[in-house]
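Please look at the sequence and the 3D structure that follow, and keep both in view while you read. The paragraphs after them move from single residues to strands, sheets and a pocket.

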Amino acid sequence: MKNVVELYTQDSEEDMEESMIAVPILMECGKDEDFSEGLDNIGDTLPILPIRNMVLFPGVALPVVAGRAKSMRVMREAAKKHSYLGVCCQKDSATDEPGFNELYQVGTIAEVMRVLEMPDGSTTVILQGKKRFILKSIVKTDPYLIGEIEQYEETRPKKPDREYEALASTIKDLTIKMLSFTYDPPRDLIFSIRNNQNNLYLINFSACNVLVDADIKQELLNLSDLKDRAYRLLFLLNREYELVELKASIHMKTHEDINKQQKEYYLQQQIKAIQKELGGDNISDIEIDELRESAKKKKWSKEVAEIFEKELVKLERLSPQLPDYSLQIQYIQTIIDLPWNEFSKSNINLKRAERILNRDHYGMDKVKERIIEHLAVLKLKNDLRSPIICLYGPPGVGKTSLGKSIAEALKRKYVRVSLGGLHDEAEIRGHRRTYIGAMAGRIIQNIVKAGKSNPVFVLDEIDKVGNDFNGDPASALLEALDPEQNERFHDNYLDIDFDLSKVMFIATANSLNTISQPLLDRMELIEVSGYIAEEKMHIAQKHLIPKQMEANGVKERNLKFDKRSIRLIIDSYTHESGVRELEKKLAKVMRKIARRIASDETVPSVIMPENIREYLGIEEYSPDKYQGNEYAGVVTGLAWTAAGGEILFVETSLSKSKGSKLTITGNLGDVMKESAVIALEYVHSHADRFGIDESMFEDRNVHVHVPEGAIPKDGPSAGITMVTSLVSAFTKRKVRNNLAMTGEITLRGKVLPVGGIKEKILAAKRADIKHIILSEDNKKDISEIKNEYIQGLTFLYVSDIMQVVDHALLKETV
């Protein structure tokens, strides 16, 4: 226990007011002394001494350091004249010139016991409290404060009061314990407290020295009933004693930890000294010094620097012979290898970027437009977050290779991760370091590989991510591909947040059906559709043939391909939307030519179609061709497949029977079978409008077949084709020549829009179709297709199946 005071030192000594004394001052006093003798004639006014952060109680001696000029003067005059002064605590210790409202109104009349001139030039005055008073007003402020007062009596318990005696004894014991915990008190002080029998003095002494704020001490001084003051003081002492015990316990625990750490450090230093004597410089020290030098060049944040230093300290304590040493150094090396806030500088030139994209890829206008838009905004606003794009479409159309071109156009690093067949979530987020063989996830590994924080990052085959008992990698990708979260991407191995917001993620997929909806919502979807034959010819001439000539060593030869030869390969040796198979066939042709050149055989300078048949053998595919309109019930439809668009034929035949039965064949899926059922039901319910005899539905079996039964088919887009085929079969009406159609049918006869329009249009054009029937709502899809693709085609947009039948079926019968 000691006086809780505060030292104010500002620009001058005048601002200094209170200080601490090492040992509390204990006054000797009689058992029943009340310290108020000689106060009857002091009058109604007294010099007032404001003090900071201290409260003086009756009977208690208190040292005060005089700092303010007024305070110094009032104390010196009181000491010289052996007169009394009133001591009041300030409400706000920061106030330099306190007035009446800045002082607590209950104070203590005090006598100056002694004036001490300190070695540092300051003056310390020891005051002893005599009796409480109430400050009514301040009557004078110069040369010091003089206030109007009224003496304030205290209520002491009547004798004998065992409860009061017990309270005082408990307070005495707690005071001694507090003094022993706080510091090592002199034995004489403990002895004097134990032998002091004046309960009033002991209560006030403890109240003056308890470790609480001045406003709480003032509340104690305000209490007139000594028993109430004793109870309140005992509560405060118990609370502070528990706090002191807790602090002492914490100190002992931390002291033990520090001793253990000091011991470990001492032993580590001894080990280092022994190793140095045995083998010269310690290799681990050299490695650690190199790591620290590398760390100085990093542009990481303060938090990352603190984590790095903490992990490096752990490494220093490990022996190089321990297995944990190599694991720890591998982890630290990963932290250093990451490009913290290191970015590729982009000199954005939109014309150059557009030229690179057009050079490497033919078509793909939507994708190129989106990349150029991103570059334009990035040029105007340097802190733009990179978009997260998903390119989806059939295989072989250049989705993956587009990433390299985008990286070159942006002047950024390029990295790629194949997600096909990925089942383990840890492949994305990394393994926790508690596991044997733990490593960072593929995202962090490739960021290290790129060496920059803003690469073009291709997530290939994102639609082929699986999940099993090891977790769901698609869910782990949600954090990386969310623009609102990926600035603090958390890898389990790294265990430090890394900013991925500047990374340009480009995902590729063949189908969106297997991608989870939350993942789709985080990506900007851009469809990369298949190529028509004309586009494939252009790609082959500009890209594939020169590439394969160089790859097979025939670049120096002046070889040329006749356009008919390229078209023959496209139509008869490949069946795809992309150009992957086309490139393989061209490579095969080049190998045949290379063999002949190596064997000094004659090679034609222009590769003609007959040469293609010689090199590639018999034709593998027969191009889809329109098969005429000579038969009733045969209608041409349009279908979408992963390899692009195709035409298909819906055939309907009727046969007499005792009942009516619908047979559906052709390896059809459930949705397509439902379309056939809906089509027959619609034709039956509107038989009179089509001129069909009702009895035909009672004694005819209906057979709907879609050829090429080995190939699975599904989807609702053949709905209007089936209705037309059924009406034609029942009425024997001839189908319009060179006509194809696609659209979904409802029981009300409404024609609904379908997808894959571009691919279907290209298939129709390849098959020499001239007229196409589509839903009214598919008109917008046609407007997005280039004119060169739809040249020579006429379109009929319908909303009702009756429009389809009226246009598709002629009055002529077959």
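Lysine 411 is partly exposed, because its relative accessible area of 36% falls in the range between buried, which means under 20%, and exposed, which means over 50% (1.4 Å probe, protein chains only). This lysine lies in the loop between α12 and β8, where the labels refer to DSSP runs numbered from the N terminus, helices being H or I of at least four residues and strands being E of at least two. Although lysine 411 is not a glycine, its phi is positive, at about 60°. Most residues other than glycine have a negative phi, and most peptide bonds are trans.

Before going further, note that this is a predicted model, in which local features need pLDDT of at least 70 and side-chain atom pairs count only at pLDDT 80 or more, while totals for chains, interfaces and linings use all residues. Residues are numbered from 1 along each chain as its sequence is written, and side-chain values use heavy atoms, with hydrogens and water left out.

A positive phi is also found at lysine 732, with a value near 65° in a residue other than glycine. Lysine 732 sits in the loop between α23 (719-731) and β20 (733-735), and with 43% relative accessibility it counts as partly exposed. The backbone has a further feature at aspartate 142 and proline 143, which are joined by a cis peptide bond with an omega of about 0°; proline 143 belongs to the loop between β5 (123-140) and β6 (146-152).

Turn next to strand β3 (residues 84-89), which is mostly covered, with six of its six residues buried. In a regular strand the side chains alternate between the two faces of the sheet. In β3 both faces are covered, since Tyr84, Gly86 and Cys88 on one side are buried, as are Leu85, Val87 and Cys89 on the other.

What does β3 pair with in the antiparallel sense? The partner is strand β4 (residues 106-117), and the two are linked over four bridges, where pairing requires that DSSP finds at least two bridges between the strands. Strand β1 (residues 45-51) is also joined to β3 by four bridges, but these two run parallel. Strands of a sheet pair through backbone hydrogen bonds, either parallel or antiparallel. To locate these pairings by residue, find isoleucine 48, which stands opposite glycine 86 in β3, and valine 87, which stands opposite threonine 108 in β4.

Threonine 108 counts as buried because its relative accessibility is 0%. Not counting residues up to four places away in sequence, threonine 108 touches a list of residues that includes Leu56, Phe57, Leu85, Val87, Phe133 and Leu221, a contact being heavy atoms within 4.5 Å.

Another part of the chain holds an open sheet of five strands, in the order β8-β9-β12-β7-β13, with parallel pairing. Its edge strands are β8 (414-418) and β13 (524-527), each of which pairs on one side only. From one strand to the next the twist averages 20°, with axes taken as lines fitted to C-alpha atoms, for helices over the stretch in contact, and angles running from 0 to 180 degrees between N-to-C directions. Helix α14 (residues 442-450) packs on this sheet and touches β8 and β9, and its direction makes about 155° with that of β8. Within the sheet, strand β9 (residues 456-460) runs parallel to strand β12 (residues 504-509) and is joined to it by four bridges, and valine 458 has isoleucine 506 in β12 as its bridge partner.

Strand β12 also helps to line the second largest pocket, as do α10 (350-360), α12 (399-410), α17 (533-551) and α19 (580-598), each giving two or more residues. Among these elements α12 gives the most, with five residues. The lining residues divide into eight nonpolar, nine polar and nine charged, where Ala, Val, Leu, Ile, Met, Phe, Trp, Tyr, Cys and Pro count as nonpolar, Asp, Glu, Lys and Arg as charged, and the others, Gly among them, as polar.

Finally, arginine 359 has its place in helix α10 and is partly exposed, with a relative accessible area of 43%. Leaving aside neighbours within four places in sequence, arginine 359 is in contact with Glu408 and His543. The C-alpha atoms of arginine 359 and alanine 551 are separated by 19 Å, and these residues are 192 apart along the chain.
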